[in-house]
Amino acid sequence: MDKRNEDDVIDLLKLLRALWRRAWAIVLAAVIFGGAFLAYTALFIKPLYKAKALMYVNSSDISVGGTKVSISQAELSAAKSLVDTYIVILNTRSTLNDVIAESGVSYSYEQLQSMISASAVNSTEVFGIEVTSTDPKEAELLANTIAKVLPEKISAVVEGSSVRIVDYAVVPARKSSPSLSKNTMMGALLGAVLACGLIVVGELLDDQIHDSDYLLQTYDIPVLAVIPDLLSEKGDSYYYYESRDKQARRMGKTG
């Protein structure tokens, strides 16, 4: 292994040791950020609730745009585009305005549209209508109102179609978001990553010479002498000089 690769390995070990020495700072940052994210989520983010209604598409003779199309049950199962057509009708302004009038809510067309999502269930003729709201009862009301209004709208556009309600929406018992545990973990992870980043940057920018090993590893030159740290409590130098000082004081008293 050449000198360059050896230096890279040594630097990596140096960074790992620096992270280990400051592990307490990483844990502290994780706790602080995790607690902050938990408090913000609990106090400032409104919980959201989702209510879902299921509808079934059934038709043996459909006319779209004046063209008669005969579709068997097997062909209808594979025709996901038909469900997509119904979802487009669901999101039209006239359909959602009827839902607003029927349910008595005060949302605009754009606001209600942003609260609704619909998709086919496992590529079948069944599609789900999901409404998200800060009020669980309102979410259930809107989902069931859509299930009531939509069949008439579809019949007016697609002749011969039949849409039936498979399952009515119920009032959700639990919130769908936000997740306190998930946000707390994300905050703790962010705090730990930031702490590690600051430690690594500080270590890389540190150009002070802390010991003779730094000179050997960086410049590969011999060290002729080392000045001992007289204030350090580690090693023999502190106790050596302290003992000589005591010896001098004792000799002074004797003399």
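This report walks through the overall build, the salt bridges, one helix, one strand pair and a nonpolar surface patch of a protein chain.

**The overall picture**

Keep in mind from the start that this is a predicted model. The protein chain has ten helices and six strands. It runs to 255 residues, and 27% of them count as buried. Its accessible surface comes to about 17100 Å², with 59% of that belonging to carbon and sulfur atoms. How much of the contact list comes from residues 24 or more positions apart? Among contacts in the chain with a separation of 6 or more, such pairs account for 72%.

**Salt bridges**

Side chains of opposite charge can pair when their charged atoms come close. The structure holds six salt bridges, and the table lists some of them.

| Pair | Closest N and O atoms | Places |
|---|---|---|
| R21 and E203 | 4.0 Å | helix α1 and helix α8 |
| R22 and E203 | 3.9 Å | loop between α1 and α2, and helix α8 |
| K50 and E130 | 3.9 Å | strand β1 and strand β5 |

Let's take E203 to begin with. R21, R22 and E203 are linked in a network of salt bridges. R21 forms a salt bridge with E203. R21 lies in helix α1 (residues 3-21) and E203 in helix α8, so this pair ties together parts of the chain that are 182 residues apart in sequence. R22 also forms a salt bridge with E203. That pair links distant parts of the chain too, with R22 in the loop between α1 and α2 (23-44) and E203 in α8, 181 residues apart.

Is E203 itself buried or exposed? E203 is buried, with a relative accessible area of 11%, and the cut-off for buried is under 20%. The two arginines fall in another class: R21 counts as partly exposed at 49% relative accessibility, and R22 is partly exposed at 33%.

Now for the strands. K50 forms a salt bridge with E130. Because K50 sits in strand β1 (residues 49-58) and E130 in strand β5 (residues 126-133), the pair ties together parts that are 80 residues apart in sequence. K50 is partly exposed, with a relative accessible area of 40%, and E130 counts as partly exposed at 22%.

**Strands β4 and β5**

β5 has a partner in strand β4 (residues 116-120): the two run antiparallel and are joined by five bridges. If you want to trace the pairing on screen, S119 stands opposite G128 in β5, and the bridge partner of A118 in β5 is I129. The two strands form a hairpin, with five residues between them. One residue in that turn, N122, has a positive phi of about 55 degrees. How many residues of β5 are buried? Six of its eight are, so the cut-off of under 20% relative accessible area leaves β5 mostly covered.

**Helix α5**

Helix α5 covers residues 93-103, and its buried residues are T95, L96, V99, I100 and S103. Why do they line one face of the helix? Seen down the axis of α5, these buried residues fall within an arc of 140 degrees, so they sit along one face.

T95 is a handy one to look at. It is found in α5 and is buried, with a relative accessible area of 1%. Which residues does T95 touch, leaving aside its neighbours within four places in sequence? Its contacts are I89, L90, V149, L150 and K153. At the other end of the story, α5 is followed by G104, which has a positive phi near 80 degrees.

**A nonpolar patch on the surface**

Back to helix α8, this time on the outside. F37, M186, L190 and L194 make a nonpolar surface patch of about 330 Å². Which element gives the largest share of the patch? That is α8 (residues 180-205), which supplies three residues. L190 is found in α8 and counts as partly exposed, at 36% relative accessibility. So helix α8 turns up twice here, because E203 of the salt-bridge pair with R21 lies in α8, and the helix also gives the nonpolar patch its largest share.

Terms used:
Residues numbered from 1 in each chain as written. Predicted model: local features only at pLDDT ≥ 70, side-chain atom pairs only at ≥ 80, totals over all residues. Heavy atoms only, no water. Buried < 20%, exposed > 50% of the residue type's maximum accessible area, 1.4 Å probe, protein only. Contact = heavy atoms within 4.5 Å. Areas by Shrake-Rupley, 256 points an atom, 1.4 Å probe, with all protein chains shown as cover. Patch = residues over 30% accessible without salt bridge, like charges linked within 9 Å, V, L, I, M, F, W, Y side chains within 5 Å. Salt bridge = Lys/Arg side-chain N within 4 Å of Asp/Glu carboxyl O. Arc of directions from axis to C-beta. Pairing = 2+ DSSP bridges.
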